[in-house]
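Trainee: Before we look at the model together, could you show me how to read helix contacts and empty spaces from coordinates?
Mentor: Gladly; let us take the features one after another.

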Amino acid sequence: MTPTTGTSTTRTAHLIEQAETWSAHNYHPLPVVLTRGEGVWVYDTDGRKYMDMLSAYSALNHGHRHPRVVQALKDQADRITLTSRAFYNELFGPFCEKLCRAAGMEMTLLMNSGAEAVETAIKTARKWGYKVKNVPQDKAEIIVCENNFHGRTTTIVGFSSEDQYREDFGPFTPGFKLIPYDDIQALERAITPHTVALLIEPIQGEAGILVPRDGYLKKAAEICRKNRMLLVADEIQTGFGRTGKMFCYEHDGVKPDLVIVGKALGGGLLPVSAVIGGKESLGLFRPGDHGSTFGGNPLACAVGIAALDVLVEEKLVERSAEMGGYFMDRLRAMKSPRVKEVRGKGLLIGVHIKDEHGTARPYCEKLMDLGILAKETHGQVIRFAPPLVMSREEADWALERIAKVLG
């Protein structure tokens, strides 16, 4: 499993230069150019082998090119790939039912990107507020949490607490209240008769794998019920086994009113997202209220069905719980003087580097040199989120190299 070593080739340097020349600089990638992937492993243009410990921000829960998901895509691509919602396609209903049953919900609205699904949930919550709760028109308020990451549209960045996400992109959409995360008293104080929803991540991934205290989500759900407002769980990054449960909210034994999903629902092949919920909210939509040309396309449905089947039949959720516990225990046992905290659930793990030992970026670069691709988040945190198909042997291989870097 040892990666092939060697210096970068002219081709690699050219491809990086080409990307930096012709693409807007809205990302800061590690200096590696990937050409192939299989399972937890990827290969660069120089033939070097790396373990993928990011999983495309949890979109690759099934690993790279899972054969069953790839075959489903190939088979469907030979039949029909796009119909638009002007017509039914034969996989649309079956996919909707399978997704609803996975979440124990009544209805779903299929979209493509995660941000589209968040926007859909916002529209759903507002419509519910006006039609069901009888909030005065254009007065609906949605409570969100500091350090949230729900996407990049202008509406969504407008309620971000991260200055860079907002800078130069205003004016912003009104109707959102920002409160501290993991603070029940702040939630209670923010509620008014116009509050229609709490939009929340069960674990804040981009903020540095911030895990709320046990029982926080359960108490928040009770407050939502008491005040007749929707609990909207953003499970785009935490859903489909990433945290050791099918959905992260299951750790607290709650059932949200709306669940936003994406990333891993596309099996690492396509952007597939959805809002899942009840008829009381999603049943309010009429033809023309909302839509998506590609949402629920036959190719996406085929891939989504296969992705859900693989999660269940190959017990990837259970593997995430087992391997996540093992991985975190081993990381904590290293007792690195550079590490402030190891936190997470399942295979969504953050290693917080102490301020006096620099930022997380140099550690990620050193890991890359040893054949591990991980990425920093929120400055000080290394995120470890490998595909759920990772074996114990592969975990040990990674932990041996992580120990060298963390010292």
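Trainee: Which residues in H3 meet which residues in H11?
Mentor: Keep in mind that this is a predicted model. On the H3 side the contact is formed by Arg68, Val69, Ala72, Leu73, Gln76 and Ala77, and these meet Pro298, Leu299, Ala302, Val303, Ala306, Ala307, Asp309, Val310 and Glu313 in H11. Sorted by class, the residues of this contact are 11 nonpolar, one polar and three charged.

Trainee: At roughly what angle do the axes of H3 and H11 cross?
Mentor: The axes of helix H3, residues 67-77, and helix H11, residues 298-313, come within 9 Å and cross at roughly 155°. Angles over 145 degrees count as roughly antiparallel, and therefore H3 and H11 are described as roughly antiparallel to each other. As for handedness, H3 passes H11 in a right-handed crossing.

Trainee: Is the crossing of H4 and H11 left-handed or right-handed?
Mentor: The crossing of H4 and H11 is left-handed, and their axes, which come within 9 Å, cross at roughly 35°. From H4 the contact draws on Phe92, Pro94, Phe95, Lys98 and Leu99, while H11 brings Ala300, Cys301, Gly304, Ile305, Leu308 and Asp309. In this contact of H4 with H11 there are eight nonpolar, one polar and two charged residues.

Trainee: How should I approach the empty space, and how many residues line the second largest pocket?
Mentor: The general idea is that rolling a probe the size of a water molecule over the atoms shows where empty space is left. Here the second largest pocket holds about 580 Å³ of space and is lined by 20 residues, among which Arg85, Phe92, Thr108, Leu109 and His290 lie nearest its centre. Helix H4 (92-103) and strand E4 (107-111) each supply at least two residues of that lining, with E4 giving the most, namely five residues. By class, the lining of the second largest pocket comprises 12 nonpolar, six polar and two charged residues.

Trainee: And how many cavities of 30 Å³ or more does the structure hold?
Mentor: There are three cavities of 30 Å³ or more, and the largest cavity has a volume of about 70 Å³. Its lining consists of Asn147, Asn148, Phe149, Ser160, Ser161, Glu162, Tyr165, Glu206, Ala207 and His378, and for the largest cavity this lining divides into three nonpolar, five polar and two charged residues.

Key: Residues numbered from 1 in each chain as written. Predicted model: local features only at pLDDT ≥ 70, side-chain atom pairs only at ≥ 80, totals over all residues. Heavy atoms only, no water. 1 Å grid on protein atoms, 1.4 Å probe; cavity = no way out; pocket = protein on both sides within 12 Å on 5 of 7 lines; lining within 4 Å. Points joined across faces, edges and corners; volume = space filled by probe spheres on them. Nonpolar A, V, L, I, M, F, W, Y, C, P; charged D, E, K, R; others polar. Axes fitted to C-alpha atoms, helices over the stretch in contact; angles between N-to-C directions. Helix = DSSP H or I, 4+ residues; strand = E, 2+ residues; numbered from the N terminus. Parallel < 35°, antiparallel > 145°, perpendicular 65-115°, else oblique. Left-handed = near helix turned anticlockwise from the far one by under 90°. Contact = heavy atoms within 4.5 Å.
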